[in-house]
Amino acid sequence: MLVTVEETTYYRSRRRQRVIEVPSPQERAEQIRRYIDRVNQFYHQISEWLREYPNVVITKTPLEMNEEGLDDYWIDQLIITLNHGQDENVVKIKPEGANVIMCEGLLQIGLEFLAYMLKDSPQLWVDRQTGLPKPAYEGIDVDGWYWIESRGEGYAHFVNKPLLLKLVDFPGK
């Protein structure tokens, strides 16, 4: 259930009013719970994928999240430490938020981002040439975490073990 809120702002001494709809406290709590559950399930999957590598240490540290439109909450950041020889490579998988346009949550790995996309969610753009709606991203076949290429080609890659190893720059991938 959305709650209707009246908002009054002033711009150049002129009063503006608008009515906006915001999620109820229960809906906000559910959105946060879903995001935390999806992140934790993904962390578990990552731990399973990396279990065979003896030089990997996985730890978690709590982060406090303060997102506009949601209540504050705590969620873990995953830290993957790769020990190879005298070198140590630390990769952080950092939650960026549950309240994200066109997806159900966002994670950051280094300079890359992973988005939780729903197969049946309408992620649409309007094609400038035809004026018709088209999918923003190709390749979303199941609900899950996707890496969106930064080259702007509009293709989403489902995150599996080989892709994760590439994204964390794992030696011997």
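Contact, as used here for the packing of a helix on strands, means heavy atoms within 4.5 Å. The structure described is a predicted model.

**Sheet and helix**

Seven strands form an open sheet in the order E3-E4-E5-E6-E7-E10-E11, and their pairing is antiparallel. At the edges stand strand E3 (56-65) and strand E11 (156-158), each of which pairs on one side only. From one strand to the next, the twist averages 30°. Within this sheet, strand E7 (residues 112-117) and strand E10 (residues 144-148) run antiparallel and are joined by four bridges. Ala115 stands opposite Tyr146 in E10.

Helix H1 (residues 25-50) lies across E3, strand E4 (73-84), strand E5 (87-97), strand E6 (106-109), E7 and E10. Its direction is at about 15° to that of E4. H1 comprises 26 residues and reaches 38 Å from its first C-alpha to its last, close to the 38 Å expected at 1.5 Å a residue. The buried residues of H1 are Arg28, Gln31, Ile32, Tyr35, Ile36, Arg38, Val39, Phe42, Tyr43, Ile46, Trp49 and Leu50. A general point is relevant to such a list: an α-helix has 3.6 residues a turn, so residues three or four places apart point the same way.

**Nonpolar cores**

The largest nonpolar core contains 34 residues, and those with the most contacts inside it are Ile46, Ile80, Leu107, Leu114, Trp145 and Val159. At least two residues of this core are supplied by each of H1, E3, E4, E5, E6, E7, E10 and H2. H1 provides the largest share, nine residues.

Ile80 illustrates the packing. With its neighbours within four places in sequence left aside, Ile80 is in contact with Ile46, Leu50, Val56, Val57, Ile58, Asn89, Val90, Val91, Ile93 and Val168. A second, separate core has eight residues, including Cys103, Ala115, Ile140 and Ala156.

**Salt bridges**

Side chains of opposite charge can pair when their charged atoms come close. A search of the whole structure finds eight salt bridges. The table gives three of the pairs, with the distance between N and O atoms.

| Acidic residue | Basic residue | N to O distance |
|---|---|---|
| Glu48 | Arg51 | 2.0 Å |
| Glu52 | Lys161 | 2.5 Å |
| Glu96 | Lys94 | 3.4 Å |

The salt bridge between Glu52 and Lys161 links separate parts of the chain. Glu52 lies in the loop between H1 and E3, whereas Lys161 belongs to helix H2 (residues 161-167), so this pair ties together parts that are 109 residues apart in sequence. Glu52 counts as exposed because its relative accessibility is 54%, a value over the 50% cut-off.

In the pair of Glu48 and Arg51, the acidic partner, Glu48, is partly exposed at 35% relative accessibility. Arg51 is exposed, with a relative accessible area of 57%. In the pair of Glu96 and Lys94, Glu96 is partly exposed at 30% relative accessibility. Lys94 is also partly exposed, its relative accessible area being 33%.

Beyond these pairs, a network of salt bridges links Glu30, Arg33, Arg34 and Asp37.

Key
Residues numbered from 1 in each chain as written. Predicted model: local features only at pLDDT ≥ 70, side-chain atom pairs only at ≥ 80, totals over all residues. Heavy atoms only, no water. Pairing = 2+ DSSP bridges. Axes fitted to C-alpha atoms, helices over the stretch in contact; angles between N-to-C directions. Salt bridge = Lys/Arg side-chain N within 4 Å of Asp/Glu carboxyl O. Buried < 20%, exposed > 50% of the residue type's maximum accessible area, 1.4 Å probe, protein only. Core = buried A, V, L, I, M, F, W, Y, C linked by side-chain atoms within 4.5 Å. Expected span 1.5 Å × (residues − 1).
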